[in-house]
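Q: Please take a close look at one part of this structure and describe it in detail. I am new to it, so explain each term when it comes up, and then set that part beside the rest.

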Amino acid sequence: MAALGPVLFQAYELTRNSLEHSRSTFTRLIPTGIFAPENINIGIFGMGPFQQTSEGKAMLKADLAGVFPRSETLVEATRANVRGRLSREQLDAAFDRDYAALVSLQMEADLDPIVDGQLNWQDHFRPFSELFTGIKVGSLTRWFDNNTFYRQPIISGKIGYRGTSLQRYFRGDILPAEGRKKAVLPGPLTFAKLSQNMAYRSLADLVEDLARALKDTTTELSKAGYEYFQFDEPALVFDQIGKEELEAARRGFEICATGTGGEVALKTYFGDVGHIMNALLDFPVDCIGIDLYATSIESLAKYDFDISLSCGCVDGRNSLVESPNDLKGLLARVRDNVRSEQLVISPNCDLEFLPYSVAEKKVRLLSETRKVVSE
Amino acid sequence: MGSLPKAPWLLSYLRGKGVEPSDLDHLTKWSKISGFEAESETRFILAQPKSPDTERRLRELASLLGIRVLESAGLDYVYDGEANRIEMYEHPIRNSSGFRFYGHVRSFDDRYYRKAACVQKVGFRTAYHLVEFTFVKQRAKRKIKVPVTGPYTLAEWSFNEFYQKRLASQYIDFRKLKFDAKRDFVLDLAREIVRPNLQRLVEAGAEWIQLDEPAAVTRKDEIPFFVEAFNECTAGLVCKLSVHICYSNYRLLYPHILDLKNCSQLALEFANRDAYNELKLLHEFDDKREVGLGVVDVHVDTVESPELIRDRINYAVKLLGDPERIYVNPDCGLRTRTWEISYAKLCNLVKGAALAQEQAS
């Protein structure tokens, strides 16, 4: 069996991400030798790089990117609440039903780690006007090249972690005890670039303070049982980025991505990551997420990935539901061009750009694709 | 600019919910404010069981109320507040062929729209604004400007299944596939749906049509598609034509927007971002067209004072050099505000324009 085909390595070496995280099964591999997947000792590596089916076959990992759309019922509930026809308690109950449904959907699809879908986030930054000091909510601004809008954060003072409403926005309480909990947060560079800076002299200073506040956030989330942190950095790839901004981002990740006690991913989308991949490989992360609908796969051929690569292969911005065989072919192109021992499949971005019924199908597609790839 | 909030009595009646006392109070209040001449007839029909005839007539009466509200606020150019359009995207899509609706997607906060996928080649089904326009033309006492959603926005706000699937086997680069498939989609919408609709409006006597293209600047590489589609659907039409674009980086429009043929006015949003300095772009690129100047923010409830509006207009005159180039309007449609807020903003818009005019003369 060769689910991913033979892979060429230089050396095997195990490291642990955090000594105190004894349950962590994350390992960083600098592998050596030629091997086929059946040679991997799942007992040593625990949860990764592959999950194992009951038949003992290695299966690709899959997870969700972040924000999930609200169901039609929840859409109506939020509208009714705005119009004064539904109480806050009734609305919270409607949210809880959607959270439960999303958790079930991910469990049925055998995804790992699991997210809460950020269902009550009005945009990627809004919760941080409560969680952090120094942020006010500004005017509506287009979210990259989408027909959705966020309220631009106004950096009005020194950024610091305040912690107000942490449990309201990170619903670890509804995530199952078994399986890993993933928190999705804005990366410090994207956060800084998409805000209106009225307080800091330089972008780099702002990135640094945001990174510190994000680190404090992950510290609290880690205490609450979160084991996986994804920092979204679409601003790294949407437009051409300068060296100084890239360096500011890297220093930011040195602060927010290290010592979290869990696994850390840097997710990019809406742009081609190929031209900055060399720099990203110096970031202290365990996984880099790429948008296969915006990135030239062939541009990644020159790199050796000693970390996971999350392949954003399910298009979160088109209702066209891909076939598992199409995705198998796409992943084959990735494997033909990219030297990485650990691939994860996911949507290329949040699924919030899709209606709920389509997003559900895309989640199931991840599960079907894993089965087809492992055959 | 376009929309007003919907008449609650119309919504209650159409939904078969039963008309509430508050709906009738709304009718009374706004009939009095606007001079709406058909309050009694409206009350009578609202008391009748729903039928195709009562529905048709109530829609006309809602349109008439919209016209009178805008006229009573003092606007020079009116329509009917888009009283009978579901919404600027859903209305044309539901009345064209080739689309399937999958459900709601979020626009911002707790606001959503129903998003459709293009699942077949698009096609003309009906002139979806003709009945509405004909009625407005018969009843309006002021001049008319007809808002019509443009082809680029219709494409950008839809999922492109058909045109992407059609080309998929020819591409391995997804970026190129999506780009070329989008162009095909936009141009087919322009030729097969929007142009026939515009032609029928002009034939029926429309003298000014505004193409609403809020999505025009969403993807900067595709701005030439928006220009190409505008030209495709308006070629040869004998009519004043303008384009409305809002909540966008207007610098990205240039220089492409200079290639819009037969477009005499750019109706732009400024109040939301206090972005009046962006008017300098017209000077920088020697764009001598008229400007529809957005002077009230349609996403906040604060009602701008006439003096603030006057100051905004005066600043625009200073930048553009010629007050004759300036038409004053809200940033965008007012359908997300209450009737009270919408009306107050419109009345102050008119007062602010009058103050500016006084100072200029």
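A: The account below starts with one chain, turns to one of its sheets and a helix, and ends with the other chain.

The model is predicted: local features need pLDDT of at least 70 and side-chain atom pairs count only at pLDDT 80 or more, while totals for chains, interfaces and linings use all residues. Residues are numbered from 1 along each chain as its sequence is written, and chains are lettered from A and ligands numbered from 1 in the order in which they are written.

Chain B has 13 helices and 11 strands; helices (H or I, at least four residues) and strands (E, at least two) are DSSP runs, numbered from the N terminus. Its C-alpha trace spans about 65 × 55 × 40 Å along the principal axes. The radius of gyration of chain B, taken over C-alpha atoms, is 21 Å, which agrees with the value near 21 Å for a compact globule of 361 residues; the globule rule is 2.2 Å times the number of residues to the power 0.38. Of the 361 residues in chain B, 47% are buried. A residue is buried if 20 or more other C-beta atoms lie within 10 Å of its own, exposed if 12 or fewer, and partly exposed in between, with C-beta atoms placed from the backbone. Among contacts in chain B between residues at least 6 apart in sequence, 74% join residues at least 24 apart; a contact is a pair of residues whose C-beta atoms, placed from the backbone, lie within 7 Å.

Now to the sheet. Three strands of chain B form an open sheet in the order 2-3-6, with mixed pairing; two strands pair if DSSP finds at least two bridges between them. Strand 2 (96-108) and strand 6 (159-160) of chain B are the edge strands, since each pairs on one side only. Strand 2 of chain B pairs with strand 3 (residues 111-124) of chain B in the antiparallel sense, over 10 bridges. Phe108(B) stands opposite Arg111(B) in strand 3 of chain B. Helix 9 (residues 174-203) of chain B packs on the sheet and touches strand 2, strand 3 and strand 6 of chain B. The direction of helix 9 makes about 85° with that of strand 3 of chain B; axes are lines fitted to C-alpha atoms, for helices over the stretch in contact, and angles run from 0 to 180 degrees between N-to-C directions.

Helix 9 of chain B also appears in the surroundings of helix 10: what covers the buried residues of helix 10 of chain B includes helix 7 (151-156), helix 9, strand 7 (208-212) and strand 8 of chain B. Those buried residues are Phe225(B), Phe226(B), Val227(B), Glu228(B), Ala229(B), Phe230(B), Cys233(B) and Thr234(B). The 12 residues of helix 10 (residues 223-234) of chain B should span 16 Å at 1.5 Å a residue, and the end C-alpha atoms are 17 Å apart, which agrees; the expected span is 1.5 Å times one less than the number of residues. Gly236(B), with a positive phi near 80°, follows helix 10 of chain B.

Most residues other than glycine have a negative phi, and most peptide bonds are trans. Asp274(B) has a positive phi, near 50°, and is found in the loop between strand 9 and helix 11 (280-284) of chain B. This residue is exposed because 10 other C-beta atoms lie within 10 Å. The peptide bond from Tyr254(B) to Pro255(B) is cis, with omega near 5°. Pro255(B) has its place in the loop between strand 8 (240-245) and strand 9 (265-268) of chain B.

The other chain, chain A, has 11 helices and 18 strands, and 46% of its 375 residues are buried. The contact between the chains takes 27 residues from chain A and 28 residues from chain B. On the side of chain A that touches chain B, helix 2 (72-82), strand 8 (132-142) and helix 11 (356-374) of chain A each give two or more residues. Helix 2 of chain A gives the most, with 5 residues.

Methods. Two residues are in contact if their C-beta atoms, placed from the backbone, lie within 7 Å.
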